[in-house]
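Biologist: I'd like a close look at one small part of this model before I get lost in the rest of it. Could you take me through that part and then show me what surrounds it?

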Amino acid sequence: MATITVRNLDGKTKQALRERAARNGHSMEEEARLLLNAGSILDHENQTFSGSVDALKVVDEASNVSVDPNYPARGKTVLLIICGGIAAYKSLDLIRRLKERCVKVRVVMTHAAGEFITPLSVGALSHSKVYGELFNREDEQDIGHIRLAREADLIVVAPATANIMAKISHGIADDLASAVLLASNGKVLIAPAMNPVMWNNPATRRNADTLEGDGFRIIGPNSGEMAEQSEAGRGRMAEPMEIVSEIGRILDTRAKPLLGLKVIVTAGPTHEPIDPVRYIANRSSGKQGYAIASALSAAGAQVNLVSGPVNLNEPEGLNCIRVESAEEMFQAVKSSLPADIVIMVAAVADWRVINSADEKIKKKPGSRNPVSLKLAENPDILKFVGHLDQRPELVIGFAAETQNVIKNAKAKLKRKGADWIVANDVSPETGIMGGDNNKVKLLSSDGVEQWPVLAKDQVARRLVEKIISYFEAAVIDV
Ligand SMILES: Cc1cc2nc3c(=O)[nH]c(=O)nc-3n(C[C@H](O)[C@H](O)[C@H](O)COP(=O)(O)O)c2cc1C
């Protein structure tokens, strides 16, 4: 099957492909595939596609360059072993997600897996041959099962049946999948999926314990509804994206300059109740705080993320504490102390309602009396942390301002006892609050640094680089 690597296309052609994909509501990868399937090539002059596929330099990963460019397993090889369970269909999505991140995926399917999904679809998605037979004359000329085991950076068994877990925990190697696993001395990640009764069976429990003791990593299974009617419990395979994240973590060889440092990050808005169904809030999305927490975690820090109510998935690999009100956020921060670094990104409400009602406040028919809310100041969490006796080494506050950004931020730096303030102009015309980009200024005793408009995860990485430099300098001072 022909494939396209966008990286190798010339600029104009790439642009034409991008525009065409956008017009048709496809990703560049999907668009390229459709074109190749239709046997056409790209003519950028006319923005049309014609001619022979062979005329295009064949490329693969390329169209995916935009998906998670920092994924730690990029360029690595994963050997995916698919076993015979209902969740086998999810492994197709797993392959797709890994390919999107430029991971080379080779696949072994057990015979039983072939009852659930076809090697054809697996091969089409992984863009490589699918292995299934141990006694294959062609593959075994050079002891293929040993090669498959050794050439992978990681073996992932997903879904892992009760059967394969039993086999590998007992050293049985009676088919290609189990022989590869027995012949491997590398890292193996197992994603079990089975009926909860099978999972809770003492034999499966023993096998899972043995595998963990032998150094296999196990992800899931999760709890929830099962494919079998009216059955629920623990046994669902971990979601493909959870497995993708775990693979990233296992294969992450990046330096961990913040290893050993404990960080508290607050993020999102707070909700201050008016009654059981109403609250006062603000427009903070939590995206910036979540991005900073993830970047710190990727740099090796132990992160406690104290999050107000947001619509974001909890980042993997850190401890997320969910709160609603400013008072709850204050308590969560206090109970997470001591810490080496505290970064207050949350837009904490300045006031709470002190006459909030226990029951829903009803409109009074005919009454013209306005309902009045009495407000009291919330605890100032940043100021509290900035003036602690056992103060964290680095205290960073965020200042969302709509006017006099630098003047207000400088005043905040002093008043709150913070080391740095990250100030941003959130006046409505900037479109920044809730958006994906941010334009910030970093204030410290060294002065003011003006950063350009950046995606929030870029702001996060830049801030983390600053933090790393700060701690490196601190070590040299000692
Ligand atoms: C419809 C159906 C669904 C199955 N689902 C699962 C499952 O989710 N997990 C599991 O461990 N076994 C499941 N099995 C049983 C396995 O397919 C069976 O144990 C098989 O021998 C596993 O082979 P393998 O481990 O080589 O893939 C299922 C069987 C059938 C018929």
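Between which helix and which strand is the loop where P338 lies?

Modeller: P338 lies in the loop that runs between α12 and β16. Before going further, bear in mind that this is a predicted model: local features need pLDDT of at least 70 and side-chain atom pairs count only at pLDDT 80 or more, while totals for chains, interfaces and linings use all residues. Residues are numbered from 1 along each chain as its sequence is written. As for the labels, helices (H or I, at least four residues) and strands (E, at least two) are DSSP runs numbered from the N terminus.

What marks your spot is the backbone: L337 and P338 are joined by a cis peptide bond, with omega about 0 degrees. The helix ahead of the loop, α12, covers residues 326-336. That helix lies across β11, β14 and β15 and runs at about 165 degrees to β14. Angles here go from 0 to 180 degrees between N-to-C directions, using axes that are lines fitted to C-alpha atoms, for helices over the stretch in contact.

Those strands belong to an open sheet of 8 strands, in the order β15-β14-β11-β16-β19-β20-β22-β23, with mixed pairing. Two strands count as paired if DSSP finds at least two bridges between them. At the edges stand β15 (319-322) and β23 (447-450); each has a single partner strand, so one side of each has no neighbour in the sheet. Ignoring direction, neighbouring strands of this sheet are turned against each other by 15 degrees on average.

At the β15 edge, β14 (residues 302-307) runs parallel to β15, and 4 bridges join the two. One pairing to look for there is L305, which stands opposite C320 of β15. Another helix, α11 (residues 287-298), also packs on this sheet: it touches β11 (262-267), β14 and β16 (341-344), and its direction makes about 165 degrees with that of β11.

Your proline has a counterpart elsewhere in the chain. A158 and P159 are also joined by a cis peptide bond, with omega about -5 degrees. P159, however, sits in a strand, β6. That strand spans residues 154-160 and runs parallel to β7, the two being joined by 4 bridges. Within that pair, V156 has L189 as its bridge partner in β7. On to the next strand: β7 also runs parallel to β8 (residues 217-218), with 2 bridges between them, and I190 stands opposite I218 of β8.

β7 (residues 188-192) is mostly covered, as 5 of its 5 residues are buried. A residue is buried if 20 or more other C-beta atoms lie within 10 Å of its own, exposed if 12 or fewer, and partly exposed in between, with C-beta atoms placed from the backbone. In a regular strand the side chains alternate between the two faces of the sheet. Here both faces are covered: V188, I190 and P192 on one side, L189 and A191 on the other, are all buried.

Not far along the sequence there is a helix pair. α6 (residues 162-169) and α9 (residues 202-213) have axes that come within 9 Å and cross at roughly 55 degrees. That angle makes α6 oblique to α9; under 35 degrees would be roughly parallel, over 145 roughly antiparallel and 65 to 115 roughly perpendicular, with the rest oblique. Residues making the contact include M165 and I168 of α6 and A208 and L211 of α9, where contact means C-beta atoms, placed from the backbone, within 7 Å.

If you like backbone oddities, try two more. C102, in the loop between α3 (88-100) and β4 (104-109), has a phi near 60 degrees, a positive value in a residue other than glycine. C102 is partly exposed, with 19 other C-beta atoms within 10 Å. H127, in the loop between α4 (119-126) and β5 (130-131), also has a positive phi, about 55 degrees, although it is not a glycine. With 14 C-beta neighbours inside 10 Å, H127 counts as partly exposed.

Stepping back, the protein chain has 15 helices and 24 strands, and 40% of its 478 residues count as buried.

Definitions and conventions: Contact = placed C-beta atoms within 7 Å.
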